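Q: Could you take a close look at one strand and its surroundings for me? I would like to see how it pairs and how well it is covered.

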Amino acid sequence: MSTMERRKQELELKRQKLEELRRAREQRRQASTHASDGAAASSSSTSSASRRANSNIDDLVNSVLQERPSSRTSSRDGEGQGLASGLSPELGSRNLTFSPVPVDPVASAAAAPAASAAPVAAPRPTLQLQASEVVVLDMAPVEKVYYSKELQTDDVWMPTEEEARAPLANNGVGSETHEVTAANHAATAAAEDAAAAANQTEPDEEQAPREIPEEIKKAIVGSEPFLEFFDHSSRIIEKALNAADTFDFLRDYSISADYVGNEIDQSPVKLLNHAFNDHYTKGRTVASIAWNPRFPELYVASYTKSTLPTTEADGLVLVWNVLMPTRPEFVFTCQSEVLTTRFSEFHPHLVIGGTYSGQIVLWDTRTKSSSPILKTPLSAAGHTHPVTSCALVGSEHAHQLVTASSDGTLCAWQLDMLAQPQEVLELVVPPALAAVSRHPGTGGSSSAAAAISAAAAGPAEVGVTCFAFPANEAAALWVGTEQGTVMHVSRYDRAAAKAGVADCYVGHYGMVTGLAFHPSHAAADHSDLFLTSSVDWTVKLWRTRKSAPPTAASGAAGAGGSSGSAAGANGSAGNINGPSSGTTASGAPTSPVSAPGAGLTHVTPLYSFLEAGDYVFDVAWSPTHPAVFAAVDGSGHLDLWNLNEDTELYVCRVKVAPRALNKVAFAPDGRRVAVGAADGHVYLYDLAEAAFAPREDDWVKFQRTLVDMEALEMERRITMSAAATATGV
């Protein structure tokens, strides 16, 4: 059988089926017609009852619509019009339809005479029924969003790039959208099945990685976001690795902690790391070191001008992290080399620096720039010589920055306004006091003669090398000078004297390189003690002199030959509870000498430490232990002293570097000490807890040690003075 014949048979079958459907439809139509005729005949007998029912219905509708019921005598047309006019907009909008009531022909014939007497009414309009299409919309309810005062931390869904670029029509609701979505899912499923089948058929074949062009690689690596990400991530990883190195994961805690291998570990200090970077610090010298008061892992170091040919700026300040010694946390630069720097105690993100040009500069670690955010102008209103030291005094809400330059100028600044200083004080020394301070080892007639010979000279400048404030003191400071003396300076005028130099502390034979006051502790207050270091190879301990008005007898005694020596001895003996004296490097006694007519008194040191083997460049007290201090010298040694253990010899000496050590600074917790060297390295040492951690009785021991030291030095000084008087020297 051919295709055409098979096609003809199929068409013939379809025609027969259609004929059968037409016959069935015609039979159903005839059956429904006979049924309606029978229903009309049966309902003619009940027409009168239906009319009464319709009248009742009309009255009910009118009552609902708040209208008067229609009259029995009104025409049907009037009823229809009143009913249509009485519909409210609400009911009208619902498409109310009324079907006509079937009329009984017998009842209508009987009621014809009565109807003829009534007025003829207009024909009632026929109601038309129409088929309407209903559209059902499934609308989702409005979502109510509730918020709380807590922080919303839920993940927020963000559309992908393809979804954002898709037309808005794809996000609608409808059958087409569902069909497209279903088609997409089907296509995705088919692609996944095909990929799975390919993987199963060829399991050994691996997809080759996509190669990125070299130009794109260079663009990515050189982009700023990538560099910031890489720098930040590498810093975190390096800190984590260095933090892991500080702990010994293989230590056996079942044995004594004092043993390392088979030997007892007796070293009181341990080198943690040394901060150095060839790119920044090679050829430079460390000028100052200071720790951050809030973040104990950060410390700042300033460096002098590089001795190597370089294009970098002369001034360099680096903020180092204890856990990252190979590269600095922050790099700050300046046009002039920075001689002194420190963190702000009240704003730890601010770094303050004093430069060789006399400018005060301010950096902020929150900015991405390495340049200063504020700096003082180059003018005669501030410093015109190198700034050698700076300090912050006051409280958190009212503080000042005090700076000093090598020409003896003190300035007070507000950190938020560096245009000009708030206070300026020029330090000068009376000629008599300056002459006596040049000869600290001479006494009697020689010092008096030197003072009298220099009385006609003008006032001398004070070459400030360093200064410090006692704890909780803002009006007075002690200044180390190039002449080897320490000056007590008052910032403000007093009742008995004007602002300026008040006292002179004589004892060093060379320039004073460092000055540090004893930190204030709650257990005991020794803030009247301070240490000084000098190029005369000594470290001296001083006690601040209590102010006392000068007497005429002291001036006369200072001008009178051998009687001056006797008066000096008696005056020193009377100052046991006040200014204490000590011995010089040569063992000769020193005594307080009053400058004639100046009203200023020389104060001698409480004690001298003579164990240094070279120039002593810096000294610092421990912030936690009352009797511990550190000193560094030109031979590269770090000396750690504990006066409760020994006052004649250091408890530990460490050879840190082959070159000189310039600066030393204790960490705020007293467990670490940072040492700056002339080769640009900053060495960080960990102090043993057994040797340098404070104990409860250390403050009482230190008080006894001070009394013993003072008594010993006073006895030695009186003996030496008596021997000098007996020999007529």
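A: Happy to help; what follows walks through strand β13 and its partners, then turns to two other parts for context. Please keep in mind that this is a predicted model.

Let's begin with the strand itself. Strand β13 covers residues 399-405 and is mostly covered, with seven of its seven residues buried. Its side chains split into two sets: H399, L401, T403 and S405 point one way, while Q400, V402 and A404 point the other way. Residues on both sides are buried.

Now for the neighbours. On the N-terminal side in sequence comes strand β12, residues 387-394, which pairs with β13 in the antiparallel sense over seven bridges. To find your place in that pairing, look for V393, which stands opposite Q400 in β13. The connection is a hairpin, with four residues between β12 and β13.

Following the chain onwards, you reach strand β14, residues 409-413, and here too the pairing with β13 is antiparallel, this time over four bridges. A handy landmark is A404, whose bridge partner in β14 is L410. β13 and β14 also form a hairpin, with three residues between them. In that turn sits G408, and its phi is positive, at about 85°.

For context, there is an open sheet of four strands elsewhere in the chain, ordered β4-β5-β6-β7 with antiparallel pairing. Its edge strands are β4 (286-291) and β7 (330-334), each of which pairs on one side only. From one strand to the next, the twist averages 15°. Within this sheet, six bridges join β5 (residues 298-303) to β6 (residues 315-321), and the two run antiparallel. If you want a residue pair to centre on, Y303 has L316 as its bridge partner in β6.

One more spot may interest you: G480, which lies in strand β19, residues 476-481. G480 counts as buried because its relative accessibility is 0%, and the cut-off for buried is under 20%. Leaving aside residues up to four places away in sequence, G480 touches G463, V464, T465, C466, T485, V512 and L515. As for Y505, it is 25 residues from G480 in sequence, and the C-alpha to C-alpha distance between the two is 9.4 Å.

To return to your strand: β13 pairs in the antiparallel sense with β12 and with β14, and seven of its seven residues are buried.

Methods:
Residues numbered from 1 in each chain as written. Predicted model: local features only at pLDDT ≥ 70, side-chain atom pairs only at ≥ 80, totals over all residues. Heavy atoms only, no water. Pairing = 2+ DSSP bridges. Axes fitted to C-alpha atoms, helices over the stretch in contact; angles between N-to-C directions. Buried < 20%, exposed > 50% of the residue type's maximum accessible area, 1.4 Å probe, protein only. Contact = heavy atoms within 4.5 Å.
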